[in-house]
Amino acid sequence: MTEEVLAKYKLDRTNWIIQHGYLVREDQAKKYAELGFNMTISTSFTFGKADMLAERIGPKALEVLNPLRHFLDAGLKIAGGMDWGPCNPFEHMQLAVTHKMYPSGRTNAGPAQVVTREEAYEMWTLNGSKLMGWEGIGALVPGNHADLRQSWTATPSRATSMRCRKPASCGHTSEAESCMTPGWKQSLMSRRD
């Protein structure tokens, strides 16, 4: 159907956005990229629904759950979101690297899923503005507009014990569990040997 629309309107690519594309095979990711789709993702689907998906669909579902590496390798633009689940972008960046599930603590981190810390960082910063076609935001560089707000105050040593206090962008309707898991900073930001 998409190919018919492209032909009918003489378009090279769709520039359409697939939201929450969380169960996608590698061949589908390649086709989406070929057709000019972009993608928004949320690691909350791994964090909060992976155990349920494995139980209801079967363990094979975990092989195609949030296949971020396949998306990038296929050439898709990916923007990370946090509309539910953990309520800060750094935890989502960590989940893009670890693919940790809650409450089991298991992971589905495989060759289809795992991205680097740098790639995860770009998904939750610069890629959102790229996906929307907005110039001059998404990166803290000279000449860009600052798109930054403070949602909490803490020193780095206290960051792992912070609690979500219902910020407007969090999506939680009640006091949430800790927004950050122990070790998030070390696993996301530690230097490589």
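**Notebook: helix α3, cores and salt bridges**

I began with α3 and recorded a bend of about 60 degrees at A50. The model I am reading is predicted.

**Entry 1: helix α3**

I compared the expected and actual span of helix α3, residues 44-56. At 1.5 Å a residue, its 13 residues should span 18 Å, and the end C-alpha atoms are 18 Å apart, which agrees. I then listed the buried residues of α3: S44, F45, T46, F47, A50, D51, L53 and A54. Against which element do these buried residues pack? I found that they pack against α5, residues 89-98. Just after α3, I noted that G58 takes a positive phi of about 125 degrees.

**Entry 2: confidence**

I looked up the pLDDT of the protein chain: the mean is 80, and 75% of the residues reach 70 or more. Among the elements, helix α4 (residues 68-74) has the highest mean, 97, and helix α8 (residues 184-189) the lowest, 42. Over residues 152-193 the pLDDT is below 50, and I noted that this stretch has 66 contacts in the model beyond near neighbours in sequence.

**Entry 3: nonpolar cores**

I examined the largest nonpolar core, which has 19 residues. Which residues have the most contacts inside it? They are I41, L68, F71, L76 and M123. The elements that give two or more residues to this core are α2, β2, α4, α5 and α6, the last spanning residues 117-123. For L76 I listed contacts with A29, Y32, A33, F37, M39 and F71, leaving out residues up to four places away in sequence. Apart from the largest core lies another, of seven residues, and I found A50, L53, A54 and L62 among them.

**Entry 4: T40**

I placed T40 in strand β2, residues 38-41. Is T40 buried or exposed? At 18% relative accessibility, T40 counts as buried, since the limit for buried is under 20%. Leaving out residues up to four places away in sequence, I found that T40 touches I17, I18, Q19, H20, G21, A79 and L131.

**Entry 5: salt bridges within helices**

I counted eight salt bridges in the model. One of them joins E26 and K30, with the closest N and O atoms 3.8 Å apart. Because these residues are four apart in helix α2, about one helical turn separates E26 from K30. Both ends are partly exposed: E26 has a relative accessible area of 39%, and K30 has 48%. I also noted that E26 and A112, although 86 residues apart in sequence, are 7.8 Å apart in space, C-alpha to C-alpha.

In helix α4, I found R69 in a salt bridge with D73, the closest N and O atoms being 3.1 Å apart. This pair is also four residues apart, about one turn of the helix. Here the two ends contrast: R69 is buried at 16%, whereas D73 is exposed at 55% relative accessibility.

**Entry 6: a salt bridge from α3, and a network**

I returned to D51 of helix α3, whose side chain meets that of R106 in a salt bridge of 3.1 Å, N to O. What does this pair tie together? R106 lies in the loop between α5 and α6 and D51 in α3, so the pair ties together parts that are 55 residues apart in sequence. I recorded D51 as buried at 18% relative accessibility and R106 as partly exposed at 40%. Lastly, I noted a network of salt bridges that links E3, K31 and E34.

Key:
Residues are numbered from 1 along each chain as its sequence is written. Side-chain values use heavy atoms; hydrogens and water are left out. Buried means under 20% relative accessible area, exposed over 50%, partly exposed in between (1.4 Å probe, protein chains only). Contact means heavy atoms within 4.5 Å. The expected span of a helix is 1.5 Å times one less than its number of residues. The bend at a residue is the angle between axes fitted to the seven residues ending there and the seven starting there. pLDDT is the predictor's confidence in each residue, from 0 to 100. A nonpolar core is a set of buried Ala, Val, Leu, Ile, Met, Phe, Trp, Tyr and Cys residues joined through side-chain atoms within 4.5 Å. A salt bridge is a side-chain nitrogen of Lys or Arg within 4 Å of a carboxyl oxygen of Asp or Glu.
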